Amino acid sequence: MRILFTAFVLLAPFWLFAQDGGGSAPLPEDHLTEADYAAIHADLANQTRLLEQQGVLLQKTEFVNLGWPLRLASHVTDPALHGISNFVDQDRTINFRDFNCGARTYDGHNGTDIFLWPFQWLTMDQNNMEVVAAAPGIILQKVDGNYDRRCDWTTDPNWNAVFIRHADGSTTWYGHLKRGSLTTKAVGQSVAQGEYLGLVGSSGKSTGPHLHFEVYDPNGVLIDPYAGSCNALNTTSWWSVGKTYYDSGINALRLHSKPPSFNTCPSQEATFDKTTYTPGSQIITAAYFRDQQPGHVVSYRIVQPNGNTWQSWTQTMNTYYPASYWYWTLTLPSSPTGTWRFEATYQGKTVSRSFTVSQIAANETELPDQSYVSALYPNPFTNTTRLDVHLSKSQKVKAVLYNALGQTIRSVHEGYLGMNGIVQWEIDTSNLPKGLYFIHVQGEDFEVTRKAIK
């Protein structure tokens, strides 16, 4: 790592904010057959009889209100990492229709599909989205140990799932979970509303990481938790807080060295995330949305360390996408150095992502066909931070923590790793003063530097 003492002169660039790329994202699906459902219902009926004999199940009481069945993990700094791909099919014929009389479903779909976005596989690998109990109840059944990176709905019906029986006799299903992530609580034990049940995965008949959330009333009749004029299953909403048909918002802002690559399932996406840039270099700013609506306007700006706006522009959405992304390429000025900020304001909410313009050169390019650092989180950190590295082969790896002056703080790892896949290191940062740090990771087929802030 070198420290450059070159003097830079501020140049005022002329920039036309032409959008460089983006568009829609593929949406995960699942297709359980009648035979799949018959097997699940038979298993749950048997479990219900066993727990009733043991006197475990709660007595029926008043109507159960449902909370949202997902939450961001504590280390995540993004405002959201989800979208809805499919609602319950309200048309029991060969046609399909959702509760709002729209087409956001498919024939025979019995649940609400909540998918991960952006970078669904990376989000799954980093345990960023947790499945939680929508209401208090008893664990009726747990299924675990099944492969969780499925990309089709035609082969393996064996998913990882949790089923909760609530006080009024209703039941909620939480399907396609990540293998080995399920709650340690046993069948028959109670859970509180919002209690951890597992992580989002792609087990069973699934084309990508998502939660299949399904609800049955005390009589075992399928319901749709949403209220709408075309809901023929129930007349009122089951949500404790009103849920709208469209939930437009910014899921994440990102900064890249190259345009992001969304590879075919079940590959690891190439994010090309970059948070440290040298003066005068190119930066790619990207925004990731859910339920993008035509006519909606997004305001962007890039803010210098002194608070002045360096560049600003607006984007008017031209069509509906359940999940979308858009990016722009800019050339940074030669000064000032320090912590900059990329901001976006959409639907009355402002989201920001900080980056550093530094005289310390940083190479953060991630190559999709080689090893790379996939994540450093939480960042900013307090007492610990975790470093995830994807290895394409067994190799020697050296990881070192530096301060902003390029001085070595400590060695994170140095030695041979006889594996491919994800390796994780938890770094103790409790004794570090607040400031800017860099973690430099070098292997045989990659070299990456990540910025870390305390």
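How many disulfides does a search of the whole structure find?

1. The search of the whole structure finds one disulfide, and it should be read with the caution that this is a predicted model. The bond joins cysteine 101 to cysteine 230, with an S to S distance of 1.9 Å, and with 95 degrees about the S-S bond the link is right-handed.

2. The disulfide links distant parts of the chain, since its two cysteines are 129 residues apart. Cysteine 101 lies in the loop between strand S3 (82-86) and strand S4 (112-116), while cysteine 230 lies in the loop between strand S12 (222-223) and strand S13 (249-256).

3. The two ends of this link fall into separate classes of accessibility. Cysteine 101 has a relative accessible area of 39% and is partly exposed, whereas cysteine 230, at 15% relative accessibility, counts as buried, because the cut-off for buried is under 20% relative accessible area.

4. Turning to the aromatic residues, the structure holds 31 aromatic pairs. One of them is formed by phenylalanine 163 and tryptophan 173, which meet edge-to-face at 5.3 Å centre to centre, with 75 degrees between the planes. This pair links distant parts of the chain, with phenylalanine 163 in strand S7 (residues 161-166) and tryptophan 173 in strand S8 (residues 171-175), ten residues apart. Phenylalanine 163 is buried, and tryptophan 173 is buried as well.

5. Another aromatic pair, that of tyrosine 300 and tryptophan 313, is stacked, with 5.3 Å centre to centre and 20 degrees between the planes. Tyrosine 300 belongs to strand S16 (residues 297-303) and tryptophan 313 to strand S17 (residues 309-316), so the pair ties together parts that are 13 residues apart in sequence. Both tyrosine 300 and tryptophan 313 are buried.

6. Beyond these individual pairs, a reader new to the model may wish to look at a cluster that is linked by ring pairs. Its members are Trp68, Phe87, Phe99, Tyr174, Phe213, Tyr226, Trp239, Tyr245, Tyr246 and Tyr320.

7. Tyrosine 245, which is listed in that cluster as Tyr245, also has a charged neighbour: arginine 104 lies over the face of its ring, at 5.1 Å from the ring centre. A further arrangement of a charge over a ring involves lysine 274, whose charged end sits over the ring of tyrosine 277, 5.4 Å from its centre.

Definitions and conventions. Residues numbered from 1 in each chain as written. Predicted model: local features only at pLDDT ≥ 70, side-chain atom pairs only at ≥ 80, totals over all residues. Heavy atoms only, no water. Phe/Tyr/Trp six-rings, centres within 6.5 Å; stacked < 30°, edge-to-face > 60°. Helix = DSSP H or I, 4+ residues; strand = E, 2+ residues; numbered from the N terminus. Buried < 20%, exposed > 50% of the residue type's maximum accessible area, 1.4 Å probe, protein only. Lys NZ or Arg CZ within 6 Å of the ring centre and 35° of its normal. Disulfide = S-S within 2.5 Å.
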